[in-house]
Amino acid sequence: MAITLGPNQYGKAEVRLVTVRRDGPVHHLKDLTVSTSLRGELAATHLTGDNAGVLATDTQKNTVYAFAKEAPVGEIEDFALRLARHFTGTQGNITGARIKIDEHGWDRIAVGGEPHDHAFSRSGDERRTTAVTVRDGRAWVVSGIDGLTLLKSTGSEFHGFPRDQYTTLAETDDRILATAVTAKWRYQGEGIDWAESHREIRRLMLETFATKHSLSLQQTLYAMGSAVLEARPEVAEVRLSLPNKHHFLVDLSPFGLKNANEVFYAADRPYGLIEGTILRDDAEDPGPAWDIH
């Protein structure tokens, strides 16, 4: 039996990073999880233990910390691009880099109705994300949102689906629609204002979710992605993953009570997971933008 090593080998590190910018009395907080994944010719270390081409994860970790000190982190896309270009530009054995960053949000605590200069509260599970891939001098940027929980208490229906001997779900023309959004969008072009783009894409998705009368979560998904592509030419495609967080009407009839869509049981299992991609007709080739590594 012949045993061979696959063509691509990777070295990875994951770093928790918090920075405080102290330009004056008002401090600015960044809370990030940074994952580095470096691709290169690493066969020797796998086959013989020769580590001459290995950039240690300790070095990758320290590079992240040093870069955060030497210049402001800024937008996570820019920080990821700086790191990826550093690794591919300074390490001859590294042929590609993928930098993933999750930004964890913090809000200023209000004191007397005014935001405090240096006290913060965690703003929930929502995270801003990016994954930057640099290879052969080119860069691909995929940014997004994770953990954004949405709910609307009406404006959603679900009916007309097939029924068989195993179907118990009742049709409805008025239901709660709730989900936790994972959205990723692939950028194209240059000179992008990352912060403004992220802010507007998030706004478009939230407003569409709120205002689109939904006959299915699939329909809502398509409407959210389409709204982004129609308004934001810098986005080539949007990928959305929306679990259907079911809210089931509680039967109160045994107690002589009517339940007019007021009392629900929020179930975490089972749930349906709705996923889809909305792609611009003239989108650039994605290259390695969506690669796992």
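This is a guided tour of a predicted model, arranged as a series of selections to make in the viewer.

**The annotated active site**

Begin by selecting Lys12, Thr57 and His246, the residues covered by the "active site" annotation in an unreviewed UniProt entry. These residues span 235 positions in sequence, and because the farthest two of their C-alpha atoms are 42.2 Å apart, they do not all gather at one spot. Of this set, His246 belongs to the lining of the second largest pocket.

Centre the view on Thr57, which sits in helix α2 and counts as partly exposed because its relative accessibility is 42%. If you display its surroundings and set aside sequence neighbours within four places, the contacts of Thr57 are Lys12 and Ala13, so that another residue of the annotated set, Lys12, comes into view here.

Now move to His246, in the loop that runs between β7 (235-244) and β8 (247-249). With 23% relative accessibility, His246 is also classed as partly exposed. Beyond the residues up to four places away in sequence, His246 touches Tyr265, Ala266 and Ala267, together with Pro270, Tyr271 and Gly272.

**The annotated binding site**

Next select Thr57, Phe158, Arg175, Gln218 and Asn244, where the unreviewed UniProt entry places the feature "binding site". The selection covers 188 residues in sequence and, since its farthest two C-alpha atoms lie 49.8 Å apart, these positions do not all gather at one spot either. From this set, Phe158, Arg175, Gln218 and Asn244 are part of the lining of the second largest pocket, the pocket whose lining also takes in His246.

Which residues surround Phe158 once its neighbours up to four places away in sequence are not counted? Selecting them shows Leu169, Glu171, Thr172, Arg175 and Leu215. Phe158 itself lies in the loop between β5 and β6, and its relative accessibility of 26% makes it partly exposed.

Asn244 comes next, and the question to ask is whether it is buried or exposed. Asn244 is buried, with a relative accessible area of 9%, and the threshold for that label is under 20%. It is located in strand β7, and its contacts, apart from those within four places in sequence, are with Arg175, Leu177, Ala178, Leu217, Tyr271 and Gly272. While Asn244 is still selected, note that Tyr271 and Gly272 are also among the contacts of His246, and that Arg175 is also among the residues touched by Phe158.

**Along the loop to Arg163**

Stay in the loop between β5 (138-152) and β6 (177-187) and select Arg163, which is partly exposed at a relative accessible area of 45%. Leaving out neighbours within four places, Arg163 is in contact with Thr168, Leu169 and Glu171, and its side chain reaches the backbone oxygen of Leu169 at 2.9 Å. Leu169 and Glu171 are likewise touched by Phe158. For a sense of scale, draw a distance from the C-alpha atom of Arg163 to that of Lys184: the two residues are 21 positions apart along the chain, and these atoms are separated by 34 Å.

**From Lys184 to Thr129**

Lys184 leads on to Thr129, since it is one of the residues in contact with Thr129. Thr129 lies in strand β4 (residues 114-135) and is buried, at 6% relative accessibility. Other contacts outside its four-place sequence neighbourhood include Ile76, Ile101 and Asp102, as well as Val142, Ser143, Gly144, Ile145 and Asp146.

**The nonpolar core**

In soluble globular proteins, nonpolar side chains tend to be buried together. Here the largest nonpolar core has 49 residues, of which Val34, Phe79, Trp185, Met205 and Leu240 touch the most other members. Helix α3 (residues 76-90) contributes the most to this core, with 7 residues.

Select Val34 and display its contacts beyond four places in sequence, which include Val64, Phe79, Leu83, Ile99 and Ile101. Ala13, Glu14 and Val15 also appear among the contacts of Val34, and Ala13 was already seen in contact with Thr57.

**Closing stop: Tyr65**

Finish in helix α2 (residues 57-70) with Tyr65, which is partly exposed at 36% relative accessibility. Outside its four-place neighbourhood, Tyr65 touches Val15, Arg16 and Leu17. A last distance, between the C-alpha atoms of Tyr65 and Glu114, spans 32 Å for two residues 49 positions apart along the chain.

Methods: Residues numbered from 1 in each chain as written. Predicted model: local features only at pLDDT ≥ 70, side-chain atom pairs only at ≥ 80, totals over all residues. Heavy atoms only, no water. Helix = DSSP H or I, 4+ residues; strand = E, 2+ residues; numbered from the N terminus. Buried < 20%, exposed > 50% of the residue type's maximum accessible area, 1.4 Å probe, protein only. Contact = heavy atoms within 4.5 Å. Polar contact = N/O pair within 3.5 Å; in protein donor to acceptor, adjacent residues only side chain to side chain. UniProt positions renumbered as here; feature names shortened; annotations may be inferred. 1 Å grid on protein atoms, 1.4 Å probe; cavity = no way out; pocket = protein on both sides within 12 Å on 5 of 7 lines; lining within 4 Å. Core = buried A, V, L, I, M, F, W, Y, C linked by side-chain atoms within 4.5 Å.
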